[in-house]
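Visitor: Please take me closely through one part of this model, the place where two chains meet. I would like a connected account rather than a list.

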Protein chains: 4
Amino acid sequence: MSDPSWRAAYPRVTFDKVRYADTDRQGHVNNAVFSTYLETGRVEFLYDPESPMYEDGTEFVIVSLKVHLEDEIHWPGRVEIGTRVARVGTSSITIEQGLFQDDRRAATAETVVVQIDGKTRKSAPLSRGTVARLEALKGP
Amino acid sequence: MSDPSWRAAYPRVTFDKVRYADTDRQGHVNNAVFSTYLETGRVEFLYDPESPMYEDGTEFVIVSLKVHLEDEIHWPGRVEIGTRVARVGTSSITIEQGLFQDDRRAATAETVVVQIDGKTRKSAPLSRGTVARLEALKGP
Amino acid sequence: MSDPSWRAAYPRVTFDKVRYADTDRQGHVNNAVFSTYLETGRVEFLYDPESPMYEDGTEFVIVSLKVHLEDEIHWPGRVEIGTRVARVGTSSITIEQGLFQDDRRAATAETVVVQIDGKTRKSAPLSRGTVARLEALKGP
Amino acid sequence: MSDPSWRAAYPRVTFDKVRYADTDRQGHVNNAVFSTYLETGRVEFLYDPESPMYEDGTEFVIVSLKVHLEDEIHWPGRVEIGTRVARVGTSSITIEQGLFQDDRRAATAETVVVQIDGKTRKSAPLSRGTVARLEALKGP
């Protein structure tokens, strides 16, 4: 089932090019590589050099990752990665993502990241400005 | 906190050697590589050439993967991967895993895999023999 | 030094998107990943689904790979991969490649691949048609 | 042909565990992963935390890599990586390596690395002490 309407559900859409080395002996893209595609969507959004989400002296750590795998991904081709903010906490962000190949959904995922102080390694509150920018990236 | 007692909770323990290429620009092992370590624990258990868990004409597909990340993994070193069966359904297996470095827990994970018919791609019931072997791999 | 004139030297140019996971603890793209980028250029050219270079019942194996590394590759960004045929033998092909980021050359490489019979695993002569298509991909 | 006598030719022997994700759709270990196995042999030798080869303020960069691929590597299993010093220059080291699975040679490689000053990025002479330690790692 191919349906391009998924794009409307994700304020940020980027892609990865599927590599030959992403495949495994089962002939399709290795399941663990799905986590790499999801990372591409997250880091382009959190570490965007033009407009990074983190404050000076802090960094993001992943607390949890849940992936539902629905279909295979194949070489050659691309994977589209849709990303949206689901919830914004004091220092945490819940991110929802979808992986699509040729408008066919291959996986959905939910990741929780927490901003921590780079030195103390304890959670560090998101600034008002970052919260506002994150709120703007919630889905419809 | 380093405590080797975790081994008692996992009937199967294997390892991966951390590779220099597993690290990323943050200096530690890349988060997506955790999924690869978890895969090592799963495939050695499901596809053990001596005693594979699948029936002829069937294969396993991953339905869901949940990972809780608790600590960093570093190069050089090894990752110990503990694996146990949590639940056995008609055609599904719920697997619980832990990743440890120097007896320090870095992550826990729950994966659901389903046995499917290689041709119809529909779920295929686990045989009695496989169910019995899986039951024997439940934790204490 | 950035100079787009390199494109004229390569009949085929494709790209890979640099992934966060491609970096290592030194902060730049891991050296071993250069081999993956080179593979992207080779497989798109040899296994192009529209017009594959191999004959039925044969496959290509790599015999040798020589890489000269000249500069670092960084995330985020893309790598352009230029590929041309240098020599065509009875059953072997010598391929020359260049890796570029922002028109800055990061590496050059020479790979020799040999067509083998899928069953006997012995070298299998390239057909006249394939030789002609390969000759057309020699550089200027 | 399996022959364990190769070990005598390499003063340093280490290993990598072959990962399921190292395989590709051709069923064997992806060719580009050979470069990762070679890196394992190099970094354990150059960046050994107990006795690193580099001086303070310097680092090693790879200048060239030549690999001859002779056989396939398969999952599951291990790859043994033999490493020896071939030549020691003013600031460069030529390293020869072999990859073996079950005492069957899968590849040989020659890598040239150069010590550079971390700030100026220009070549930095190896110290007398390092040269002596490198000379001791030449093959028989």
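Guide: What follows describes the contact between two chains and then the sheet and helix found in another pair. The model is predicted, and the description should be read as such.

The contact between chain C and chain D takes 13 residues from chain C and 13 residues from chain D. On the chain C side, two elements each supply at least two residues: α1 (33-46) and β2 (58-69). Of the elements there, β2(C) gives the most, with 8 residues. By residue class, the side of chain C that touches chain D divides into 6 nonpolar, 5 polar and 2 charged.

The strand β2(C) is also paired across the boundary. It is joined by 5 bridges to strand β2 (residues 58-69) of chain D, and the two strands run antiparallel. One position in this pairing can be named: S64(C) stands opposite H68(D), which belongs to β2(D).

The relation between the two copies can be stated as an operation. A turn of 180° with a shift of 0.0 Å along the axis lays chain C on chain D with an RMSD of 0.0 Å. The two copies are therefore related as by a two-fold rotation axis. Within chain C, the C-alpha nearest that axis is the one of K66(C), at 2.1 Å from it. The same surface serves both copies, since 100% of the contact residues of chain C recur in chain D.

Chains A and B show how strands of two chains line up in one sheet. Here 10 strands form an open sheet with antiparallel pairing, in the order β1(A)-β3(A)-β4(A)-β5(A)-β2(A)-β2(B)-β5(B)-β4(B)-β3(B)-β1(B). In that order, β2(A) is followed by β2(B), where the listing passes from chain A to chain B. The edge strands are β1 (12-17) of chain A and β1 (12-17) of chain B, each of which pairs on one side only. From one strand to the next, the twist averages 25°.

Within chain B, one pairing of this sheet can be followed in more detail. Strand β3 (residues 78-88) and strand β4 (residues 92-101) of chain B run antiparallel and are joined by 8 bridges. In this pairing R84(B) stands opposite E96(B), a residue of β4(B). Helix α1 (residues 33-46) of chain B lies across β1, β2 (58-69), β3, β4 and β5 (104-117) of chain B. The direction of this helix is about 60° to β3(B).

Notes. Residues are numbered from 1 along each chain as its sequence is written. Chains are lettered from A and ligands numbered from 1 in the order in which they are written. This is a predicted model: local features need pLDDT of at least 70, side-chain atom pairs count only at pLDDT 80 or more; totals for chains, interfaces and linings use all residues. Two residues are in contact if their C-beta atoms, placed from the backbone, lie within 7 Å. Helices (H or I, at least four residues) and strands (E, at least two) are DSSP runs, numbered from the N terminus. Ala, Val, Leu, Ile, Met, Phe, Trp, Tyr, Cys and Pro count as nonpolar, Asp, Glu, Lys and Arg as charged, and the others, Gly among them, as polar. Two strands pair if DSSP finds at least two bridges between them. Copies are superposed by least squares on the C-alpha atoms of residues with pLDDT of at least 70 in both. Axes are lines fitted to C-alpha atoms, for helices over the stretch in contact, and angles run from 0 to 180 degrees between N-to-C directions.
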